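Here is a quick briefing to read with the model open on your screen. It goes topic by topic, so feel free to jump around.

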Amino acid sequence: MDLIFLKAVFKEKIWGGNKLREEFNLDTPSEKTGEAWLISAHGNGVSQVISPKAYKGMKLDELYQKHREIFGENLEDTFPLLIKLLDASDNLSVQVHPDDEYARIHEGKGERGKTECWYIVSADEGAEIVYGHTAKSKEEFVELIEDGEWDKLLRRVKVKKGDFFDVPYGTIHAIGKGIVILETQQSSDTTYRVYDYDRVDKYGKKRELHIQDSINVSKIPHSDPKLEIEEMISDKSKIVKYLKNEFFSVYKYLCDGQLKVFLDDNTYYLMTVVEGEGEIYADGKKYNLNLGDSFIVPIGVKNLELKGNLEIIASRP
Ligand code: ZN
């Protein structure tokens, strides 16, 4: 079966910039583009097929419903994952996401909770994220929020290109200014905003906060999820396995020259080129890969061969 290449949906954001166009060659609509939903079947932004011709123009939600031969049997009713590239030219709001149950009860419409994870594609010198908080109890958490003691409450962590962060539901987090990330997440658009730096939009309006929901769903006290990163080296290339949780597994394929990747042929994979360019061979066919390309590898593909100098972030449900 052919690899399925997809076209992104773009989101303008108060904190967005122009790196997705300048560094990734994506066809962004504005100078404040914050997010490219690269592989998405979520109702708030659905990716479209670019190739193969047979599915050209079809939306991913429809492809998922009508062509289960690409994805497999015994699947979730709706496409479970969402892959995004984010350009934070300013700080994102401090936020937290619910788990599946809370999202179902409070957001309805089949909305999922949101566990996400981040691969840092690039970061300015000294760039920081908010990752967790310092409160020992719910009382302390509420008190620090009510008093606006953000410096005391929020835990800041310096990041650099190539870092990886697991951000399970219930984790207080924010991507900081000067960072581009590739995000692998559950297909969900539910965000509870705790703090937005008292920013106003072009109409002088502050964005809505969701303090009570944030208090309800935040993990208190915070503890860093443990990452058990595995590396498989082959000549100058390598495969990195970052994590496996109940929703997805995430890998990096770093190809310097060539790299053979063995896949689990019982599932499909989602892939994005985050650096370089080259070629990929799948099921006897060759495809060119450029920076920013996103594609689905259908179920049943047993191995891939990469050539060139490139980095791919891959995930599977
Ligand atoms: Zn988030």
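**Zinc site**

His97 and Glu116 are both buried. They help to hold the zinc ion, whose protein donors are His97 (NE2), Glu116 (OE), Glu116 (OE) and His173 (NE2). Keep in mind that this is a predicted model.

- The donor atoms lie 2.1 to 2.7 Å from the zinc ion.
- The four donor atoms subtend angles of 50 to 123° around the zinc ion, so the arrangement comes out as irregular. To pass as tetrahedral, all angles would have to lie between 85 and 135 degrees.
- Reading along the sequence, the zinc donors follow the spacing H-x18-E-x56-H.
- His97 and Glu116 link distant parts of the chain, 19 residues apart. His97 sits in the loop between strand E8 (94-96) and helix H4 (100-107), while Glu116 belongs to strand E9 (residues 116-123).

**Arg199, a buried arginine**

- You'll find Arg199 in the loop that runs between strand E15 (192-195) and helix H7 (211-217).
- Is Arg199 buried or exposed? Its relative accessibility is 13%, so Arg199 counts as buried, the cut-off being under 20%.
- The Arg199 side chain has a polar contact of 2.7 Å with the side chain of Asp196, and it also reaches the backbone oxygen of Asn91 at 2.5 Å.
- Beyond the neighbours within four places in sequence, Arg199 is in contact with several residues, including Ile14, Trp15, Asp90, Leu92 and Lys205.

**Thr272, in a strand**

- Thr272 is part of strand E19 (residues 269-282).
- With a relative accessible area of just 1%, Thr272 is buried.
- Which side chain does the side chain of Thr272 make a polar contact with? That would be Ser294, at 3.0 Å.
- Setting aside residues up to four places away in sequence, Thr272 touches Leu38, Ile83, Leu182, Asp293, Ser294, Glu311, Ile312 and Ile313.
- Lys260 is twelve residues from Thr272 along the chain, and the C-alpha atoms of the two are separated by 17 Å.

**Asp2, at the start of the chain**

- Asp2 is placed in the segment before strand E1 (4-7).
- Its relative accessibility is 25%, so Asp2 counts as partly exposed.
- The Asp2 side chain makes two polar contacts that you can pick out: one with the side chain of Lys285 at 2.6 Å, and one with the side chain of Tyr287 at 3.3 Å.
- Lys285 and Tyr287 also turn up among the contacts of Asp2 outside its neighbours within four places in sequence, along with Pro52 and Pro298.
- Asp2 and Val297 are 295 residues apart along the chain, yet their C-alpha atoms are separated by 7.8 Å.

**Aromatic rings and the charges over them**

- How many aromatic pairs are there? The count comes to 15.
- In one of these pairs, the rings of Phe71 and Phe79 have centres 6.0 Å apart and planes at 75°, so the pair is edge-to-face; planes over 60 degrees apart count that way.
- Phe71 and Phe79 are both buried.
- Phe71 and Phe79 join Tyr64 and Tyr268 in one aromatic cluster.
- Tyr64 has a charged partner too: Arg68 lies over its face, at 4.2 Å from the ring centre.
- Elsewhere, the charged end of Lys11 sits over the Trp37 ring, 4.5 Å from the centre of that ring.

Conventions. Residues numbered from 1 in each chain as written. Predicted model: local features only at pLDDT ≥ 70, side-chain atom pairs only at ≥ 80, totals over all residues. Heavy atoms only, no water. Helix = DSSP H or I, 4+ residues; strand = E, 2+ residues; numbered from the N terminus. Buried < 20%, exposed > 50% of the residue type's maximum accessible area, 1.4 Å probe, protein only. Polar contact = N/O pair within 3.5 Å; in protein donor to acceptor, adjacent residues only side chain to side chain. Contact = heavy atoms within 4.5 Å. Donors = N, O, S within 2.8 Å, 3.2 Å for Na, K, Ca; no water. Tetrahedral: all angles 85-135°; square planar, octahedral: opposite > 155°, others 65-115°. Phe/Tyr/Trp six-rings, centres within 6.5 Å; stacked < 30°, edge-to-face > 60°. Lys NZ or Arg CZ within 6 Å of the ring centre and 35° of its normal.
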